[in-house]
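Me: Got a minute? I'd like to go through this structure with you.

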Amino acid sequence: MAEAGQSMPEGAPLAGGSVQATLTGAKEARKRAELDAQLLANRIALLKQEEEKAWKKIEETRKRATEIMELRKQNEQKFSAKEHFYKQKWESIRAAQAANAEQRDKAKAIRDQTRQGLMLQKMEQ
């Protein structure tokens, strides 16, 4: 065996227990590394699934927002059309009332004129 301070020649066998301990340590380290790699791969897969769920939810929310905006637009159009209809109807009623009032005034004027004419004829007789 080599004395203290001297290095062992390359390829010289190590003590049996030392080699076994080194191999066991390497195997355990490799197993831990493989386990860590698998855990990381699982975590990455889980994060990807969660990301897909989040994107799907975002897309559904956008779709629902678009539907709501479309419904709101349709409701506003219906309200505007109804408001226009009732405004036109009110204007039509007001025009008819004005025309009726004008006709009443003309009829009254004609009656008054006729009455005046008859009174003048009676006075002349």
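Me: How much area does the protein chain expose?
Reply: The protein chain exposes about 12200 Å², and carbon and sulfur atoms supply 57% of that. The area comes from the Shrake-Rupley method with a 1.4 Å probe. Keep in mind that this is a predicted model, where local features need pLDDT of at least 70, side-chain atom pairs count only at pLDDT 80 or more, and totals for chains, interfaces and linings use all residues. Residues are numbered from 1 along each chain as its sequence is written, and side-chain values use heavy atoms, with hydrogens and water left out.

Me: What percentage of the residues count as buried?
Reply: 0% of the 125 residues in the protein chain. Buried here means under 20% relative accessible area, exposed means over 50%, and partly exposed is in between (1.4 Å probe, protein chains only).

Me: OK, and how many helices and strands?
Reply: One helix and zero strands. Both are DSSP runs, numbered from the N terminus: helices are H or I with at least four residues, strands are E with at least two. Helix α1 covers residues 16–124.

Me: Switching topic: how many salt bridges are there?
Reply: The count comes to five, taking a salt bridge as a side-chain nitrogen of Lys or Arg within 4 Å of a carboxyl oxygen of Asp or Glu. One of them joins Arg30 and Glu34, at 2.9 Å from N to O.

Me: Where do Arg30 and Glu34 lie?
Reply: Both are in helix α1, four residues apart, about one turn of the helix. Arg30 is partly exposed at 44% relative accessibility, and Glu34 is partly exposed too, at 45%.

Me: Which residue does Glu59 bridge to?
Reply: Arg62, with the closest N and O atoms 3.6 Å apart. Those two also lie in helix α1, three residues apart, again about one turn. Glu59 has a relative accessible area of 46%, so it counts as partly exposed.

Me: And what about Glu102 and Lys106?
Reply: Their side chains meet in a salt bridge of 3.7 Å, N to O. Because they are four residues apart in helix α1, about one helical turn separates them. Glu102 is partly exposed at 46%.

Me: Last topic, then: how many aromatic pairs turn up?
Reply: One in the whole structure. The ring centres of Phe85 and Tyr86 are 5.2 Å apart with planes at 70°, so the pair is edge-to-face. Rings of Phe, Tyr and Trp (its six-membered ring) pair if their centres lie within 6.5 Å; planes under 30 degrees apart are stacked, over 60 edge-to-face, and the rest tilted.

Me: Are Phe85 and Tyr86 buried, exposed or partly exposed?
Reply: Phe85 is partly exposed at 47% relative accessibility, and Tyr86 is partly exposed at 48%.
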